[in-house]
Amino acid sequence: MDYASTREEALARIAAAQDLDALEALRIEFLGKQGSISGLLKTLGAMSPEDRQTVGPQIHALREGVTEALAARKAGLEAAVLEARLASETVDLTLPAPDAPRGSVHPVSQVMDELAEIFADLGFAVATGPEIEDDWHNFTALNIPESHPARAMHDTFYFPDKDAEGRAMLLRTHTSPVQIRAMIEQGAPIRIIAPGRVYRSDSDATHTPMFHQVEGMVIDRGIHLGHLKWTLETFLKAFFERDDIVLRLRPSYFPFTEPSVEVDVGFALVGGKRVLGGSGDAPGHGWMELLGSGMMNRKVIAAGGLDPDEWQGFAFGVGVDRLAMLKYGMDDLRAFFDGDARWLSHYGFNPNDVPTLSGGVGTAA
């Protein structure tokens, strides 16, 4: 067999290949498993040692020459494709740059900022406390006895260890312990809100094991229920940015307040969504329970180190997540904690738009 002629023919065909697909077809024809040159290599095993010494180098030289020619032609064709693309494609440098990915503020953080802005205008300070609490601050000081169901294991996340004073440790079930700590540390008079994370063993479309709550407390001389009602009306009108918010106070029971009142707010259904505003007794309206409140129990004031004969006060509490759902039209609390970037891009807020009373606490995203 004339290996030199075979090599020249193969190199000529490789040089004449017009595109990468044609070149790949030649590679398979020559060097594939069933290729002609691969077949020649297989014949070496059947030859005598003398013939193999003579023919073997020629076949290997043929394979190496074809392999090198294929690689060189491939590089040339790829360079030609790139040059053609560069010649045909252009970039208009006068166009504006595409928008860079931008983060957003979570609705819970947005509502926290709105609450701080509203209550700061009413003279309230923001107070914080530990999320890992002892049962004295979380229950006993708030007039919640040991037999109260809120202390049960099915409601509260307890830790196996106790603190240095032998008190049970737990994840706080509300931000009310901050009220006790604030009274002990700051004395009276005092006006605070206590926003933060709280934990209860519950999970469904409107409850999660971890959620956010804000509580408010005022301690001063001569405080009465009228002060509480005015504060809540002013807060809700500013938060929902409506002047027609109407409240209904119903008698209730909480261990830490006496008397205690549930606060209902009037609403109407608009497009399947609850829209707050107007009296719940008006045609087409209804009442919705929104928050709990009441006058501070004398035992709680005393637990905070104050004289209940001299100081009076009120307190209230509401879920921050629920406020966000009502104001911004969300219908499933679990989505708040899913970490879905699509949800957050829809409901998130521009971090540069800080809520203000003058510019609007509900700044649009």
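These legends describe close-up views of a predicted model. Local features need pLDDT of at least 70 and side-chain atom pairs pLDDT 80 or more, while totals for chains, interfaces and linings use all residues. Residues are numbered from 1 along each chain as its sequence is written, and side-chain values use heavy atoms, without hydrogens or water.

**View 1. The largest nonpolar core holds 46 residues.** A nonpolar core is a set of buried Ala, Val, Leu, Ile, Met, Phe, Trp, Tyr and Cys residues joined through side-chain atoms within 4.5 Å. Buried means under 20% relative accessible area, exposed over 50%, and partly exposed in between (1.4 Å probe, protein chains only). Leu115 and Leu323 touch the most other members. Elements giving two or more residues include helix 5 (107–121), helix 8 (225–240) and helix 10 (320–328). Helices (H or I, at least four residues) and strands (E, at least two) are DSSP runs, numbered from the N terminus. Beyond four places in sequence, Leu115 is in contact (heavy atoms within 4.5 Å) with Ile193, Val214, Phe235, Phe239, Val320 and Leu323.

**View 2. Helix 2 (residues 20–31) packs on helix 4 (residues 49–88).** The angle is about 170 degrees and the axes are 10 Å apart. Axes are lines fitted to C-alpha atoms, for helices over the stretch in contact; angles run from 0 to 180 degrees between N-to-C directions. Helix 2 is therefore roughly antiparallel to helix 4 (under 35 degrees is roughly parallel, over 145 roughly antiparallel, 65 to 115 roughly perpendicular, the rest oblique). Among the helix 2 residues in this contact are Leu23, Arg27 and Phe30; Val66, Leu70 and Leu77 are among those in helix 4.

**View 3. Glu24 and Arg27 form a salt bridge in helix 2.** A salt bridge is a side-chain nitrogen of Lys or Arg within 4 Å of a carboxyl oxygen of Asp or Glu. Here N to O is 2.8 Å. The partners are 3 residues apart, about one helical turn. Glu24 is partly exposed at 35% relative accessibility, and Arg27 is partly exposed at 33%.

**View 4. Lys327 forms salt bridges with Glu114 and Glu241.** The N to O distance to Glu114 is 3.0 Å. Lys327 lies in helix 10 and Glu114 in helix 5, so this pair ties together parts 213 residues apart in sequence. Both Lys327 and Glu114 are buried. For Glu241, the closest N and O atoms are 3.6 Å apart. Glu241 sits in the loop between helix 8 and strand 7 (247–254), 86 residues from Lys327. Glu241 is partly exposed at 44%.
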